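Let's take a walk through this fold, from the middle outwards. Keep the viewer open and follow along.

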Amino acid sequence: MEPPAETLGGGWGEGHPNLPEGLAGHFLREELELNARLKEIEFPAPVSYVYNPLEYAWESHRLYVEQYCRSRKEVLILGMNPGPFGMVQTGHPRRPVLGLRCLRSEVSGARFWGLFRHLCGPSGPRSLFRSCFVHNLCPLAFLDERGRNVTPAELPPGPRGELLQACGAALDRVVRLLGVSTVVGVGRLAEQTARRALSGSEPMVRVVGLPHPSPRNPKANRGWQRDATDRLEQLGITRLLTPD
């Protein structure tokens, strides 16, 4: 029997002080409740380490939510989970977490945020977050013993099912909280999980997909920004990003 994965990131789900008031505070509380549920799941091989940046990078995340999640949103752009050199910002326990001093770029993140930098123009985040919010389906990152990223789709069926069920239930609550009418799943797993979780929503929530920008996706290495722009245009989302 494989030993359980080592958890890196502090006491999952423990109360955090200084939650802001209003919508941002309610959103953060939902994330803490999900963290507490995920703490109950054991992740066997190939997972050796589980990173939870909402614990060790809580303050940065709190500031992000407090700044950009102050009002209800029309669109929720839903990622899969944190990237090793993006939100997680590490590759293996032998490497220190450098936070904002990390010099290595996360390709998926660079492509994703580069797309919205291009679409939003000089007004930048203000145009994006006026009607949209960016959120991850799963707050955890998984690494094997060599430090290779293990995506949620690569987890064994049992814990993968538990994980996605918990994350899907949390997504349903977040969508209701924010008043979201459209969820854009970035990648197949995020889209499919959102479809299942929101299938009975009232009022109905539109769930659509955007190709994942990861280098693991061969199509993403051939004009992902162009294809993603076309897709958002088809979905009527680029109209929401018009600069002030």
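What follows is a tour of a predicted model, taking in strands, helices, salt bridges and a few backbone oddities.

**The strands in the middle**

Start with strand E3. How many of its residues are buried? The count is 5 of 5, so E3 is mostly covered. In a regular strand the side chains alternate between the two faces of the sheet. On one side of E3 sit Val 75, Ile 77 and Gly 79, on the other Leu 76 and Leu 78, and all of them are buried, leaving both faces covered.

E3 has strand partners too. It runs parallel to E4, with 5 bridges joining the two, and Ile 77 has Val 134 as its bridge partner in E4. E3 also runs parallel to E7, this time through 4 bridges. If you want a spot to click on there, Leu 78 stands opposite Gly 185 in E7.

From E7 you can hop on to E8. Those strands run parallel and share 5 bridges, with Val 186 opposite Leu 210 of E8. Strand E8 covers residues 206-210, and because 4 of its 5 residues are buried, the rest of the structure largely encloses it. Put E7, H7 and E8 together and you get a right-handed β-α-β unit.

**Two helices that pack on them**

Helix H6 runs over residues 157-178, which makes 22 residues. Its first and last C-alpha atoms are 31 Å apart, close to the 32 Å expected at 1.5 Å a residue. Its buried residues include Leu 163, Leu 164, Cys 167, Leu 171, Val 174, Val 175 and Leu 178, and Asp 172 is on the list as well. An α-helix has 3.6 residues a turn, so residues three or four places apart point the same way.

What covers the buried residues of H6? Among the elements doing so are helix H1 (22-38), strands E3 (75-79), E4 (132-136), E5 (141-143) and E7 (182-186), and helix H7 (188-197). Just after H6 comes Gly 179, with a positive phi of about 70°. Most residues other than glycine have a negative phi, and most peptide bonds are trans.

Helix H1 has 17 residues, which should span 24 Å at 1.5 Å a residue; its end C-alpha atoms are 25 Å apart, so the two values agree. The buried residues of H1 include Leu 23, Phe 27, Leu 28, Leu 32, Leu 34 and Leu 38, and also Glu 30, Glu 31 and Asn 35. They pack against helix H2 (53-56), H3, E4 and H6.

**Salt bridges**

A search of the whole structure turns up 12 salt bridges. Side chains of opposite charge can pair when their charged atoms come close. Here are a few to look at:

| Pair | N to O distance |
|---|---|
| Glu 66 and Arg 62 | 2.5 Å |
| Glu 191 and Arg 195 | 2.9 Å |
| Glu 154 and Arg 148 | 3.7 Å |

Take Glu 66 and Arg 62. Both are in helix H3 (residues 58-68), and because they are 4 residues apart, about one helical turn separates them. Is each one buried or exposed? Glu 66 has 29% relative accessibility, so it counts as partly exposed. Arg 62 is at 10%, so it counts as buried.

Glu 191 and Arg 195 lie in helix H7, again 4 residues apart, or about one turn of the helix. At 41% relative accessibility, Arg 195 counts as partly exposed.

Glu 154 counts as partly exposed at 34% relative accessibility, and so does Arg 148 at 38%. Which residues are linked with these in a network of salt bridges? Asp 144 and Arg 216 join Arg 148 and Glu 154 there.

**Two cis peptide bonds**

Finally, have a look at two loops. The peptide bond from Ala 45 to Pro 46 is cis, with omega near 15°. Pro 46 is found in the loop between H1 and strand E2 (49-51). A cis peptide bond also joins Glu 202 and Pro 203, where omega is about -5°. Pro 203 belongs to the loop between H7 and E8, the two elements that, together with E7, make the β-α-β unit.

Definitions and conventions
Residues are numbered from 1 along each chain as its sequence is written. This is a predicted model: local features need pLDDT of at least 70, side-chain atom pairs count only at pLDDT 80 or more; totals for chains, interfaces and linings use all residues. Side-chain values use heavy atoms; hydrogens and water are left out. The expected span of a helix is 1.5 Å times one less than its number of residues. Buried means under 20% relative accessible area, exposed over 50%, partly exposed in between (1.4 Å probe, protein chains only). Contact means heavy atoms within 4.5 Å. Two strands pair if DSSP finds at least two bridges between them. A crossover is right-handed if, with the strands pointing away from the viewer, the path from the first strand over the helix to the second runs clockwise. A salt bridge is a side-chain nitrogen of Lys or Arg within 4 Å of a carboxyl oxygen of Asp or Glu.
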